[in-house]
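Work through the exercises below with the coordinates open, and compare each result with the solution that follows it.

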Amino acid sequence: MIRSVMVINTQGKPRLAKFYDVQPPEKQQDLIRNIYAVLSSRAENVSNFMDAEPFFGPDTRLVYKHFATLYFVFVFDSSENELAMLDLIQVFVETLDKCFRDVCELDIVFNHSKMHTILDEIVFGGLVLETSSTEVMKVVEEISKYSRSLSHFVDTFVLISFWGAAKFVNFITVLSQLLHT
């Protein structure tokens with residue numbers, strides 16, 4: 001099972017932190033800080049796999065990938081394969097690249113909900129759901145389409161609420177009469 005997914009920038013600021021087992025916020029911040037301290041002090045030519053027992057307890061491993069200014073980190077237990085987790089990081093980053101056209105840290109900061117949506121399509125509840133970035137993109141595009149439709153509906157509802165239903169009906173009636181003349 002995947003225990004946590006984190007995206008941390010090179011200054012140690014978490015851009016995404018998702019924990020699949022219950023951790024109090026103070027403990028989460030502590031874990032992020034400690035993991036960043038270890039990752040930032042590692043040489044570039046060492047393995048991307050680490051023992052995570054000091055942070056998450058017995059039988060846990062950590063795999064990370066450093067892209068530009070971001071560390072992508074997956075923490076998992078022995079039921080998951082290390083190479084599969086490294087590949088899952090690649091799927092996550094490829095999907096972000098497809099979604100944002102060469103993802104950068106600002107894309108992640110300003111599109112936080114979309115990043116969570118992408119991650120939730122790949123990993124949900126600590127279990128891997130999808131390993132194809134193409135399939136994930138199909139779902140993300142569908143969600144975006146429905147989100148735009150819902151946004152239009154909400155805008156109309158807000159307009160009706162703002163004007164009041166009676167004024168809105170009068171406005172539509174007058175507009176309809178003008179269009180038919």
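Helices (H or I, at least four residues) and strands (E, at least two) are DSSP runs, numbered from the N terminus. This is a predicted model, in which local features need pLDDT of at least 70 and side-chain atom pairs count only at pLDDT 80 or more, while totals for chains, interfaces and linings use all residues. Residues are numbered from 1 along each chain as its sequence is written, and side-chain values use heavy atoms, with hydrogens and water left out.

**Exercise 1.** Determine the order of the secondary structure elements along the sequence.

Solution. Begin with the count, which comes to 7 helices and 7 strands. Reading along the sequence then gives the pattern β-β-α-β-α-β-β-α-α-α-β-β-α-α.

**Exercise 2.** Establish how D59 and A68 are placed, and what sign phi has in each.

Solution. First locate D59, which sits in the loop between α2 (53-56) and β4 (60-67); its phi is positive, about 65 degrees, although the residue is not a glycine. Next, A68 lies in the loop between β4 and β5 (70-77), and A68, also not a glycine, has a positive phi of about 50 degrees. As background, most residues other than glycine have a negative phi.

**Exercise 3.** Classify D59 and A68 as buried, partly exposed or exposed.

Solution. Apply the cut-offs for relative accessible area: buried is under 20%, exposed over 50%, and partly exposed in between (1.4 Å probe, protein chains only). D59 has a relative accessible area of 40%, so D59 is partly exposed. A68 reaches 73% relative accessibility and therefore counts as exposed. For the whole protein, 35% of the 181 residues count as buried.
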